[in-house]
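User: Please examine one part of this model closely and explain, for a first-year student, how it is built. A connected account would be most helpful.

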Amino acid sequence: MTASTPATASATNAPAAAAPAGHLPRSSLGALTLAAIGVVYGDIGTSPLYTVKEIFSPAIGLAPTPDNLIGSVSVIFWALMLVVTLKYVTLILRADNRGEGGALALTALAAHAVAHKPRLRFALLSLGVFGATLFYGDSVITPAISVLGAMEGLEVVSTDLKAWVLPLSIGVLVGLFVVQRFGTAAVGRAFGPVIVLWFVVLAVSGIVHIAEQPGILVALNPLRAWHFLAGQGWRVFALVGAVVLAITGTEALYADMGHFGRLPIQLAWSGLVLPSLALNYLGQGALLMGDPAAIDNPFYRMFPSDWVLPSVGLATLAAIIASQAVISGAYSMTRQAIQLGYLPRMTVRFTSAREMGQIYMPAVNWALLAGVIGAVVGFGSSSALGGAYGIAVTLTMLITTVMTFFVVRDGWRLPAPLAWGATLFFLTLDTLLVASCAVKLLDGGWFPLALGLGLFLLMSTWARGRALVMDSIQRDGLDLAPFIASLDPSDLQRSTRTAVYPVANAEMVPQALLHNLKHYQVLHERNVILTVHYEEVPWVPEQERVTVKALGNDFWRVTLHFGFMETPDVPQALTLAEEQGLRVPAFETSYFLSRETVVPTPGVVGMAGWRERIFAAMTRNAKSAAEYFRLPDNTVVELGTRVQI
């Protein structure tokens, strides 16, 4: 796609990036806030389904006494205040990369801030990529635990329905992933109102029980949280590991900032989400103070028996919306990783003619479905999945804190005492959260870590493999400048068409050009050596899209610049070259691609043999460059070349 400015780009892909939300008309701000409630807060909004139940689970062994109830609810409330409100809503949302947020956007921002320190930059890039891979673990566990947690309400209706919880959950999840190929535009319009209703129900149900047991309001005192944790001994880690369930989904605030803007997300949190969550957790505590036997499922026990089934239906809708948010996030994250050079090209289908940000990636979709079904069947309940949930989320939070330090210190140039002070405070908090979730490592915490490490291996292998391919091409290839100087166009047959040679290294002679001259002995009237460069920013202005340099003997070097959130449309971008003196007529242009066949070579310094074989397999299965760069099918000629690594 072409984006004239970041604001123009956002009009098709990310509504709020067009302008600061504070300058939006009230109608637009209201619509964006409603949409943010639906998409951003679905995950954290379903946490009341299982958080309190897990804190008082037999595995932890905490009795639901009044002091323990007040203390645990106080810890939940202040976790929401410190981690979500103070860290993310107040600080992290300010660290936007030209309006975009998320792990890779923050990584690019931090890497740019330390560009003058190559080793540190490489370390931050590696850490950021690992943090991004942990998001996929969240994308698997969130749908599983949210839908299971909602369906377990059927057990409150009747114990005879317990056997149906697992098959119904699988059916809902399969249906959710099957409909992804149709896009989320129609469903997305309903997200906001449904989640608003959900949060209203959370608040009202909490208020009813608080009115019956107003003593629970003592939990708002932070000293109750401090004294409660201080008195738990080593059990404090297990307790905090369960409390983490209340703040899962926090990263979505930052990841989805490009779609809605900072102010709508902040307004949604402070105006509806935080009050509703706080009231519901207080209400669950109040319920248990009056009826400790309700600990088997305190969320659904808040409702009269006639209202349990409708609440299960509403909770299921909320769980589906929470799942949809992380599924869409996985698509966006994968596309960013591809364009930053960490994954091979994959099929990307656009599900909306107006919204470029609404995409569907079949390979990612079915891989996620397999992982989600495996998690549901393997763990079997939301309580069992609670052990797997948290470690990936808290590690991501820790990495976000580290990245943000380099942004505020090296990028924003904030005073060292302020930058270090804030960072050390949040690092201490994040370290406690990570350590608390680490105690659940053998109880399921290994699952998202294994997923993340596996993906990190694939992504690092791809990035390293591509670097080796570039080294091989440069080592075995010909320098372009002397090659062009040595050509005598009068000795060759000339074609009146324009030849475009997309390459990764613009300093070397394209293999496809050598094949043309060797086998056909033809030189085109215009020869364009084309490279596509992805910047560490989400959007590139149209006036910076194309650079053209004449090389002589009817050769030009053209570089196209895209942001990592943009869709590269090469033919459209090449039309901008005419302003710089190079005309590339659409119907008189042929694209010559070099199709590389990677050959692992034992004994050659590069990667381990098994990693080279993985890289070769990834290369064979990568999507065609012609389709990825939107080249017209009837203008593309692919010529094979073997590359040893």
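Analyst: A residue is called buried when its relative accessible area is under 20%, exposed when it is over 50%, and partly exposed in between, using a 1.4 Å probe and protein chains only. The model is predicted, with pLDDT of at least 70 required for local features and 80 or more for side-chain atom pairs, while totals for chains, interfaces and linings use all residues. Residues are numbered from 1 along each chain as its sequence is written, and side-chain values use heavy atoms, without hydrogens or water.

Helices (H or I, at least four residues) and strands (E, at least two) are DSSP runs numbered from the N terminus. Helix α22 covers residues 446-476, 31 residues in total. From first C-alpha to last, α22 reaches 44 Å, close to the expected 45 Å, a value obtained as 1.5 Å times one less than the number of residues. Among the buried residues of α22 are Phe447, Pro448 and Leu449, and further along Trp462, Leu468 and Met470.

The main subject here is the sheet, and strand β6 in particular. Two strands count as paired if DSSP finds at least two bridges between them. Six strands form an open sheet of mixed pairing, in the order β5-β6-β4-β3-β7-β8. Its edges are β5 (546-552) and β8 (636-644), each of which pairs on one side only.

Strand β6 spans residues 555-562, and 8 of its 8 residues are buried. The cover lies on both faces. One side carries Phe555, Arg557, Thr559 and His561, and the other carries Trp556, Val558, Leu560 and Phe562.

Each neighbour of β6 can now be taken in turn. Strand β4 (residues 522-534) runs parallel to β6 and is joined to it by 8 bridges. In one of these pairings, Val528 has Trp556 of β6 as its bridge partner. Strand β5 runs antiparallel to β6, with 6 bridges between the two. Here Val548 is partnered by Val558 of β6. Strands β5 and β6 also form a hairpin with 2 residues between them, and Asn553 in the turn has a positive phi of about 55 degrees.

Elsewhere in the sheet, strand β3 (residues 493-502) and strand β7 (residues 589-599) run parallel and are joined by 3 bridges. Val500 has Tyr591 as its bridge partner in β7. Strands of a sheet pair through backbone hydrogen bonds, either parallel or antiparallel. Strand β6 shows both arrangements, being parallel to β4 and antiparallel to β5.
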